[in-house]
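User: Hi! Could you walk me through this structure with a few questions and answers?

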Amino acid sequence: MTNHPIDTLLHLMAMLRDPVRGCSWDVAQTPASIVPFTIEEAYEVADAVDRGDPDELRDELGDLLLQVVFQARMAEEAARFDFTDVVGGIVAKLIRRHPHVFEVDGTLLPIGRPRDDPATVEAAWARIKSEERAEAAARGRVQPTDMPLDGIPLAIPALTRAEKISRKAAGYGFDWPNAREVIAKVREETDEVEESLGAGDPAAIAEEIGDLLFSVANLARHAGIDAEEALRQGTRKFERRFTAMAARLEADGRTLASSDLPAMEAAWQAVKRGEG
């Protein structure tokens, strides 16, 4: 076993995948079968960041790194690529997509060069990605497409994908001029949800709620807010208040199961006032 931590991890992964002496569960996995674990680990990293716990974040980052090493090991066994190729690829990409920071050989640009503002950097990043995709299509690595909103994975969280889709559409000029006009759209969609509820058509209700959520994602984008993070924080706030509400009811000799809605609402409002 080597002394370098990443080499040690790669070696351990290779031993776990050994078909004779390795772990039967690890040997049985495929690139597709561990995808749910990879997604779960990414969310656990986000949760650790939210909690502000550096020890937990360190551990969760290790779990996520393991997923990368696991996928790279299976690719190496299939003679497709290995972990070194993964690292080399991201290093090259970082240099290529940061021409405002690096020379083509990866050295820093000279001190004193004017720094681009974030909006300019983001626009350049999008242009470079588009050029890379066109080049990959020319080499047959990806299928060329004329779809203007192509390239955004279906598997990412729905709110995040909505934000990315709307941002890409905005790049073509199809967008509201400001957040206030998006608020008007949100109200319009809310009215349409109400109408569909009155009609009692489940399919129409689902469609209108989808339109409402998409409009809310647009509102978050215009406000400079990450919709996914805002919802995550909003849900955590609800959890915190609900738990405090239950504790308040219990202190009054009640339980959630035995409390009616007015009692819960009164306790809820008391919790909110206590936070203020």
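**Pocket, salt bridges and helices**

Analyst: Happy to! The second largest pocket has a volume of about 220 Å³. Please keep in mind that this is a predicted model.

User: How do the residues lining the second largest pocket divide into nonpolar, polar and charged?

Analyst: The lining includes Leu-108, Leu-109 and Pro-110, along with Arg-113, Arg-115 and Asp-116. His-100 and Gly-112 also belong to the lining. Sorted by class, the lining residues come to six nonpolar, two polar and three charged.

User: Let's turn to charge pairs. How many salt bridges does a search of the whole structure find?

Analyst: As general background, side chains of opposite charge can pair when their charged atoms come close. Here the pair of Glu-77 and Arg-17 is one example of a salt bridge, and Asp-59 with Arg-58 is another. Searching the whole structure gives a total of 19 salt bridges.

User: How far apart are the closest N and O atoms of Glu-77 and Arg-17, and what parts of the chain does the pair link?

Analyst: Glu-77 and Arg-17 form a salt bridge whose closest N and O atoms are 2.6 Å apart. The pair links distant parts of the chain, 60 residues apart. Glu-77 lies in helix 4 (residues 54-77), and Arg-17 in the loop between helix 1 (5-16) and helix 2 (24-28).

User: Is Arg-17 buried or exposed?

Analyst: Its partner Glu-77 has a relative accessible area of 37%, so Glu-77 is partly exposed. For Arg-17 the relative accessible area is 12%. Since buried means under 20%, Arg-17 counts as buried.

User: Which residues are linked with Arg-17 in a network of salt bridges?

Analyst: Arg-17 and Glu-77 form a salt bridge, but the network also takes in other residues. The residues linked with Arg-17 are Arg-73, Glu-76 and Glu-77.

User: And Asp-59 with Arg-58: which of these counts as exposed?

Analyst: The closest N and O atoms of this salt bridge between Asp-59 and Arg-58 are 3.3 Å apart. Asp-59, at 41% relative accessible area, is partly exposed. The cut-off for exposed is over 50%, and the residue that counts as exposed, at 52%, is Arg-58.

User: Which helices does the pair of Glu-275 and Arg-240 link?

Analyst: Glu-275 and Arg-240 form a salt bridge, with 3.4 Å between their closest N and O atoms. The two residues are 35 residues apart in the chain, and the helices they link are helix 11 (residues 261-275) and helix 10 (residues 227-251).

User: Why can the buried residues of helix 3 be said to line one face of the helix?

Analyst: Helix 3 (residues 35-51) has 17 residues and reaches 25 Å from its first C-alpha to its last, close to the expected 24 Å. Within helix 3, Glu-41, Val-45 and Ala-48 are buried. Viewed down the helix axis, the buried residues line one face because they fall within an arc of 65 degrees.

User: Last one: what is the phi of Ala-79?

Analyst: Most residues other than glycine have a negative phi. Ala-79 sits in the loop between helix 4 and helix 5, and at 70% relative accessibility Ala-79 counts as exposed. Although Ala-79 is not a glycine, its phi is positive, at about 60 degrees.

Key. Residues are numbered from 1 along each chain as its sequence is written. This is a predicted model: local features need pLDDT of at least 70, side-chain atom pairs count only at pLDDT 80 or more; totals for chains, interfaces and linings use all residues. Side-chain values use heavy atoms; hydrogens and water are left out. A salt bridge is a side-chain nitrogen of Lys or Arg within 4 Å of a carboxyl oxygen of Asp or Glu. Helices (H or I, at least four residues) and strands (E, at least two) are DSSP runs, numbered from the N terminus. Buried means under 20% relative accessible area, exposed over 50%, partly exposed in between (1.4 Å probe, protein chains only). On a 1 Å grid over the protein atoms alone, a cavity is a set of points where a 1.4 Å probe fits but cannot get out, and a pocket is an open set with protein on both sides within 12 Å along at least five of seven lines; lining residues have an atom within 4 Å of a point. Grid points are joined across faces, edges and corners, and a volume is the space filled by probe spheres set on the points. Ala, Val, Leu, Ile, Met, Phe, Trp, Tyr, Cys and Pro count as nonpolar, Asp, Glu, Lys and Arg as charged, and the others, Gly among them, as polar. The expected span of a helix is 1.5 Å times one less than its number of residues. The arc is that of the directions from the helix axis to the C-beta atoms.
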